[in-house]
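Here are some short exercises to try with the sequence and the model open side by side. Have a go at each task before reading its solution.

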Amino acid sequence: MGNILEIKNLSKHFDDFTAVNNVNFSVEEGGFFSILGSSGCGKTTLLRIIAGFQQESEGDVIIHGQSMKGIPPEKRPVNIVFQNLALFPMMNVRDNVAFGLKMQKLKKPVINSKINEMLERVGLHGYENKKVTDLSGGQRQRVAIARSLVMNPSILLLDEPLGALDRKLREHMKVELKLLQKEIGTTFVYITHDQSEALVMSDKVAVMHDGQFEQIDTPRNLYKNPKTSFVAGFVGDTNRFELQSTADDSMVTKGGWTLQRPGLNSAVEELYIRPEALIINPDNNLHDIDQFDVTIKTILFDGSNTKLSTVVSGSSEELLISMPQNAQFDGIEEGSQLKVGIHHNDLKCF
Amino acid sequence: MNNTNEVKNSSNFNVTFYLLIVPVLIWLIFMIVIPHAEMLISSFLVEDDMGDMVFSFANYIEFFSQKIYWLTFVKTAAYSIGVTLLAFIIAFPIAFYLAKVTTKKNAAFLMLLLLIPLWVGELVTVYGWMVLLGDHGVINHLLMSIGIINEPVNMLYTNFSMVIGLLYMSMLFMVIPVMSTLQSMDDSLIEAACDLGASKWDIFIKIIIPYSMPGITSGAIIVFMLVIGDYLAPNLLGGKNSLWFTEQIYNNFLQTFNWNEGAAFGFLLLMLSSGIIWLALKLSGQKLEKVGS
C-alpha cells in the first residue's frame, strides 16, 4: 500500500523557540501511526499543522500526493478528535454526528442512514436523542470518534483522546479503538504521552523529543532496539547507568560495577538494562550471559508488575529486576542474595 | 455523644439560617409585597359621588376606552422589543471581541471603559446626548463645519434620539451576560465545527449563537425590562410623538393626582412586560432556570 500522508522537512518556529524541528515521516494507508512524546515536545503543534489549524514555517504536508499548502482545515480530507472531545453541548448525539454531513448539504435520508450505520458501529445505537452532557466519558469518546469518522476522512487525527478517562476505561478504550481502526481501515494518526497507548495500538510509533523525531519504528523494535538514549529511557521501564570507563569488551559503571560485553564500541557513555531482561537464577547452559550477584533491598509488590529493588554485589549500583509471580520465585525474601544473569544483547549502550 | 453534637449543630444551623433569611424577608415583604398589594388594591378603587372610595374596574376600563393610552402602550412595547434587538446586534460583536479575540488585559481595560457611563448616572449621560445631538450640538456643528450639511439636522427630541438614549443606558447589560457565556465556550468547539466543514457563517449561526443563547436570553430580559420601565430617556430625549407608557403613569401620579388610575397603569405595564418575556422564552425554547444560572 502507498503512503497516504507524507511530512517533508516540516518546521514550526514561534517567536523564540522551535516547536517542530525538521520532521520527516510518512504514514501508510490504513496504518495506525502514533506520535509519542512528553508534554511540550511539539506533538500537538505537529497535529494541528496536519489538520490545518496552524501554518507550518517550513516544509510541506502531503496527503494523497497533494500538497496541503494554503488549504484551510474545512477543505482538508482529514478530521480530528480533540483532546477535550469538543462535542457540541447544545446538541444531542444525533445532531453532533450529523453536523459535518449537514454542512456537506447531503440529503436527509442519506444523512440518517450514515448516522445509523456509524452509531451502530461505535455501539451507541439507541442513544441518538440523548444529550451529550448526559453521557458517560466512554460514550462521549465514541460520539466524538463517530462524528469524525462519519465524514469518511482519509486520515483521522486523534489528539490524546483517552487522556480524560479513568484508568480502567482507558485500558478498555485502547483495545476498542484498535479493533475499530482495523475494522474500518481508516488511517489513524494518534498522538499521546502514554507509551502504553502508543505501543498497544500502533503499527508504527514515532518518539518525539524537543520538536524532533528520535526514532520511527514498530512498537516491538522501539522497545527491543532503541536507537537513541532518549528512546531507551522514555519507552518502557529501564535501569540507567552512567559509565566510568570502557574497554573493548568490558565496561565499568560510575558505581563500580564491571560488566562484560564483547564487541563494545568504546565511545559509549550510558548503559540501559530493562528490568524484565534480567534472568533470575540463570541456567548455566545459556550462552553469552553475564552473571553476577545482587542483594535484595526491598520487594516492590505490584501484581504482575512486581519488581525487586537490589544492589549489585561489589558495587553501589542499584538495579530493578522484574519478578514473575509464580511458584519458582515464591521463596525470595528481602535481604537475601540472588544470582542474576543478563544476555549481552540486552545491554543497551549509547 | 456524637448524636448530641449533631443536634447542637443543626440547631446552630437553624439560628444562622434565620439570621440570614430575616433581612431578605423583611425586604421582600415591606419593599415589594406590601407596596404591590397596596397598589393592586388601589388600582381597583375609584371615588364615587359621595367622595368615598369604592371597588370598580373603571381605572382599567379607562385604559381600554382611551385610544391614546393603549396606543402608547403598544408603541412602548414595540419600541422596547426593537431596542432590545438593536442592543443585541450592537452588543454581540463587542462581547465576542472581549471574550474571544482580544487579550485578557485589554478586555479588562475595555470593560472599564464600558462601565464608566454607568458610574456617572443615567441623567448625566442623557444630558450628554442632548449636548451631542442638539440643533447647535456637537454633531451638527461638526457636520456643518466640514460642509456636509448647510442646515442643522433635527436629531434631538425625536424617536431617534430616544432610541439612542435607551440603547446607551441598557447595552452594557447585554454585553456582560453574553460575554460571560462566550468566555465559558471552549475554542475547540469552533475548531471542531471548522474541521467538520462548517463555513464562518455556519459556525456563527449553528455553534456560537446556540451556545450563547442562555446569555443572550438573560441579557435580553434585563435590557427589555430596563427599557420598558425607563422614564428619563423617553422624557428628556424623546419628542412630542415619543410618549412612553411610564410617562402616562407619571402623569397620573404627579400631574392629575389620580393615583388609582396610575396604580392600574402600573399593573398593566407589569403584566405587559412579564407577558412579553414569557412569550419570548416560549418562542426561543429557553427556560428561566437555565437563563438564571
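The exercises below go from strands to domains and then to the contact between chains.

This is a predicted model, in which local features need pLDDT of at least 70, side-chain atom pairs count only at pLDDT 80 or more, and totals for chains, interfaces and linings use all residues. Residues are numbered from 1 along each chain as its sequence is written, while chains are lettered from A and ligands numbered from 1 in the order in which they are written.

**Exercise 1.** Work out the strand order of the open sheet of four strands in chain A, and find its edge strands.

*Solution.* Start with the terms: strands (E, at least two residues) and helices (H or I, at least four) are DSSP runs numbered from the N terminus, and two strands pair if DSSP finds at least two bridges between them. The order in chain A is then β2-β1-β4-β5, with antiparallel pairing. Next, look for strands that pair on one side only: these are β2 (18-28) and β5 (66-67) of chain A. Finally, check the β5(A) end, where two bridges link it to β4 (residues 58-63) of chain A; A:Ser67 is the bridge partner of A:Ile62.

**Exercise 2.** Find the strands that pair with β11 (residues 239-246) of chain A.

*Solution.* One partner is β14 (residues 270-273) of chain A, antiparallel and joined by four bridges; here A:Phe241 is matched with A:Leu271. Another is β12 (residues 250-253) of chain A, also antiparallel, with three bridges, and there A:Thr246 has A:Met251 as its bridge partner. Now follow the chain: a hairpin of three residues leads from β11(A) to β12(A).

**Exercise 3.** Describe how the two domains of chain A are placed and how they touch.

*Solution.* Take the bounds first, which come from an automatic or database domain assignment: domain 1 covers 3-233 and domain 2 covers 239-349 of chain A. Over C-alpha atoms, their centres are 39 Å apart. For the contact (C-beta atoms, placed from the backbone, within 7 Å), each of the two domains supplies four residues.

**Exercise 4.** Which elements of chain B give two or more residues to the side that touches chain A?

*Solution.* Begin with the totals: 14 residues from chain B and 16 residues from chain A take part. The elements sought are α9 (187-195) and α10 (200-228) of chain B, and α9(B) gives the most, with six residues.
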